[in-house]
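Reader: Hi! I would love a close look at one enclosed space in this model, beginning with the residues around it. After that, please carry on to whatever else helps me picture the side chains.

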Amino acid sequence: MTKTPISLQELRQRIYQKAKSEPTHRFWGLFTHITSITTLHEAYRHAKKNGGAAGIDGQSFADVEKEGVIPFLEGIQEELQTGTYQPQANRKVDIPKANGKMRTLQIPVIRDRVVQGALKLILEAIFEADFCPNSYGFRPKRSPHQALAEVRRSVLRRMTNVIDVDLSRYFDTIRHSILLEKMSKRIQDPQVMHLIKQVIKAAGKIGVPQGGPFSPLASNIYLNEVDWAFDAIRRKTAEGSYEAVNYHRFADDMVITVSGHSSKQGWAELALKRLQEQLKPLGVELNLEKTRMVNVLKGEAFAFLGFDLRRVPNRSGTGYFILMTPKKKARIAVKARIRELIQNGGATPAKDMVKRINAVLAGWVNYFRVGNSSDAFSEVRDYTEMKIRTLLTRRKRRRKRSVGWRRWSNEYLYGVLGLYWDWKVHPLKNVEGYR
């Protein structure tokens, strides 16, 4: 009697349940699942959905599909199963940061993105069972908005001393030997461990590259014991249902909230010291210039996930709420992206140009609409309208048709060109709405 094959989703669920019920179990036989065509095909689907630029070989998804996806995946499968697979070098892309410095992304070729994605699909099911609830980044059914709601809840529950943590080049400082040791506590499969080693060493002797599908999972595994250490502090210092210390992390963005009660004086300094003690064995350092102690009772703001957060009185004067506004660098970044699209658009028809701009605006607005973002939205909307009007006017002048800048009405921008218009703010839900 032949056994009915199980779906990838069901396989992942079974692995998760096994990992959850047996915290010390080490998994073997995973390589077969990672190299199955089903897993590789799902990894390819995710890679294509996420898009991104071509790797160092210049191959695009259109190129892959022209030759055939299944033969492409079968080629990857054969290399993995015969042990001949070797990752290619990543293509390095420097992205400007708001402070004038550069962040280097490393873009794997599509073939390597598929392999990393397949690794992630299977291993995520194991390590998700081990992850701490106070970690929100790059995890199933979790989001930046949930992390923001949890931080807001902590501050409103009188944890008004906030440590705004900045890690120094976190992804670049992850030590391979420590990461592999942590992963080996759950994985007893030499082929899988060899493949992980190949993936992380493709970018160099230290660090995991930002830009590949496997790196977010690796970064969460690396800090998981730190997460649990602070969860233990939270539970130990809680008084009834109220915590005195809480900790929230999304990738390398981290906030620690501490009770502002006079009996807890000095606790914030102790929490920061404990964090440094936890990070030191991992080779992770704080950026001491940017890590700050903030007292929200004094109206001071702290940053988290692109927002500035501060405690302000409500309109009736009967209480307080947490004002969440998009950071200045978030507004600068989206305007720079719009300017770049227009400058590099060449002779792209206006409607097609607007479609590209709309895609940028929709993603930005959907992220920031949960905050007190009306002023920021007006700023970005006015800037976008101005840049499009300027572009249209220049094009008319090139054709020797002198048309004034004011010629391009809102009715034309929105009604004819179809410029993005949904700038409505949707307040952040309570914590319960994300659970």
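Author: Happy to! The second largest cavity has a lining made up of Q116, V199, I200, V208, P209, F214 and S215. This is a predicted model, in which local features need pLDDT of at least 70 and side-chain atom pairs count only at pLDDT 80 or more, while totals for chains, interfaces and linings use all residues. Residues are numbered from 1 along each chain as its sequence is written, and side-chain values use heavy atoms, with hydrogens and water left out.

A cavity here is a set of points, on a 1 Å grid over the protein atoms alone, where a 1.4 Å probe fits but cannot get out; a lining residue has an atom within 4 Å of a point. The points are joined across faces, edges and corners, and the volume is the space filled by probe spheres set on them. By that reckoning, the second largest cavity holds about 40 Å³. Five of its lining residues are nonpolar, two are polar and none is charged. In this sorting, Ala, Val, Leu, Ile, Met, Phe, Trp, Tyr, Cys and Pro are nonpolar, Asp, Glu, Lys and Arg are charged, and the others, Gly among them, are polar.

The whole structure has two cavities of 30 Å³ or more. The largest cavity encloses about 50 Å³, and Q116 and V199 belong to both linings. Alongside those two, the largest cavity is lined by Y85, P87, Q88, N90, P108, D112 and A202. Its lining counts five nonpolar residues, three polar and one charged.

For an open space, turn to the second largest pocket, where a pocket is an open set of points with protein on both sides within 12 Å along at least five of seven lines. Its volume is about 360 Å³. It has 17 lining residues, and I6, L11, I15, G29 and H33 are the ones closest to the centre. Two or more lining residues come from each of α1 (8–21), α2 (30–34) and α3 (37–50), and α1 contributes the most, with five. Helices and strands are DSSP runs numbered from the N terminus (H or I over at least four residues for a helix, E over at least two for a strand). The pocket lining has seven nonpolar residues, eight polar and two charged.

Now for the charged side chains. A salt bridge puts a side-chain nitrogen of Lys or Arg within 4 Å of a carboxyl oxygen of Asp or Glu, and the model has 26 of them. One joins E22 to K18, at 2.8 Å from N to O. Buried means under 20% relative accessible area, exposed over 50% and partly exposed in between, with a 1.4 Å probe and protein chains only. E22 is partly exposed at 32%, and K18 is too, at 31%.

Another salt bridge, of 3.1 Å from N to O, pairs E124 with K120. These two are about one helical turn apart, because four residues separate them in helix α6 (residues 110–127). E124 is buried, at 7%, whereas K120 is partly exposed, at 24%. There is also a network of salt bridges that links D231, R234, R235 and E243.

Helix α15 deserves a visit as well. Within it, E385 and R389 sit four residues apart, about one turn, and their closest N and O atoms form a salt bridge at 3.5 Å. Both residues are buried. R395 is found in α15 too, which spans residues 374–398. This arginine is buried but has no salt bridge, and D352, the nearest side chain of opposite charge, is 8.8 Å away. Lys and Arg count as positive there and Asp and Glu as negative, with His and the chain ends not counted. What the side chain of R395 does reach is the backbone oxygen of G346, at 3.1 Å.

Finally, K335 lies in helix α13 (residues 328–343). It counts as buried because its relative accessible area is 17%. Its side chain makes a polar contact of 2.8 Å with that of E379. Such a contact is a pair of N or O atoms within 3.5 Å; within protein, one must be able to donate a hydrogen and the other to accept it, and residues adjacent in sequence count only if both atoms are side-chain atoms.
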